[in-house]
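Here is a friendly walk through one model. Please keep the viewer open as you read.

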Amino acid sequence: MADKPTVLFVCVHNAGRSQMAAGYLRELGAGRIEVLSAGSAPKDQINPVAVEAMAEEGIDIAENTPKVLTVEAVKESDVVITMGCGDACPIFPGKRYEDWELDDPAGQGIESVRPIRDEIRTRVEALIADLLEDAEEGAA
């Protein structure tokens, strides 16, 4: 793993779950972790309810744009977190892969999206602790 680990969050539309996760990792990782997100079939804009849910946390993802998943993005990542994109994500040896089973916020109201957002935050906090611990051990 490089000095600064790179994490790629992948979901189908790159408009909800992966954008919320990337927003949390950028904010909570405080520049110590590179953050990428992409989708196997990206939408043309971020889910407005996901934007609203993150704004409640003081994190602005409104200007983010869904991006298409590329082989290059996977190659440059140390950790690839998938969220319901199935087999669309290419697999490369030496990468750490995790599949986070999370409800899709698409088409749901804010009351339904908040628990998804909160679950994502919990998982991102654990991921940060794990990655930074690994980085410190690697530096020792």
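The report below covers the cores, the largest pocket and a few single residues.

This is a predicted model, in which local features need pLDDT of at least 70, side-chain atom pairs count only at pLDDT 80 or more, and totals for chains, interfaces and linings use all residues. Residues are numbered from 1 along each chain as its sequence is written, and side-chain values use heavy atoms, with hydrogens and water left out.

Let us begin with the cores. The largest nonpolar core holds 32 residues, and Val 7, Phe 9 and Val 124 touch the most other members. Such a core is a set of buried Ala, Val, Leu, Ile, Met, Phe, Trp, Tyr and Cys residues joined through side-chain atoms within 4.5 Å; buried means under 20% relative accessible area, exposed over 50%, and partly exposed in between (1.4 Å probe, protein chains only). At least two residues of this core come from each of β1 (6–11), α1 (17–29), α2 (48–55), β3 (79–83) and α4 (110–139). Helices (H or I, at least four residues) and strands (E, at least two) are DSSP runs, numbered from the N terminus. With nine residues, α4 gives the largest share of this core. Apart from it lies another core of seven residues, including Leu 8, Leu 69, Val 74 and Val 80.

Contact means heavy atoms within 4.5 Å. Leaving aside neighbours within four places in sequence, Val 124 is in contact with Phe 9, Ala 21, Tyr 24, Leu 25, Leu 28 and Trp 100. On the same terms, Ser 77 is in contact with Thr 6, Val 7, Leu 8, Leu 36 and Lys 95.

Four loop residues are set out here.

| Residue | Loop between | Relative accessible area |
|---|---|---|
| Asn 14 | β1 and α1 | 0%, buried |
| Ala 30 | α1 and β2 (34–39) | 55%, exposed |
| Leu 69 | α2 and α3 | 15%, buried |
| Ser 77 | α3 (71–75) and β3 | 0%, buried |

Asn 14 has a positive phi of about 50 degrees although it is not a glycine. Ala 30, also a residue other than glycine, has a positive phi near 50 degrees.

Finally, the largest pocket has about 180 Å³ of space. On a 1 Å grid over the protein atoms alone, a pocket is an open set of points where a 1.4 Å probe fits, with protein on both sides within 12 Å along at least five of seven lines; lining residues have an atom within 4 Å of a point. Grid points are joined across faces, edges and corners, and a volume is the space filled by probe spheres set on the points. Of the 16 lining residues, His 13, Ala 15, Lys 43, Asn 47 and Ala 106 lie nearest the centre of this pocket.
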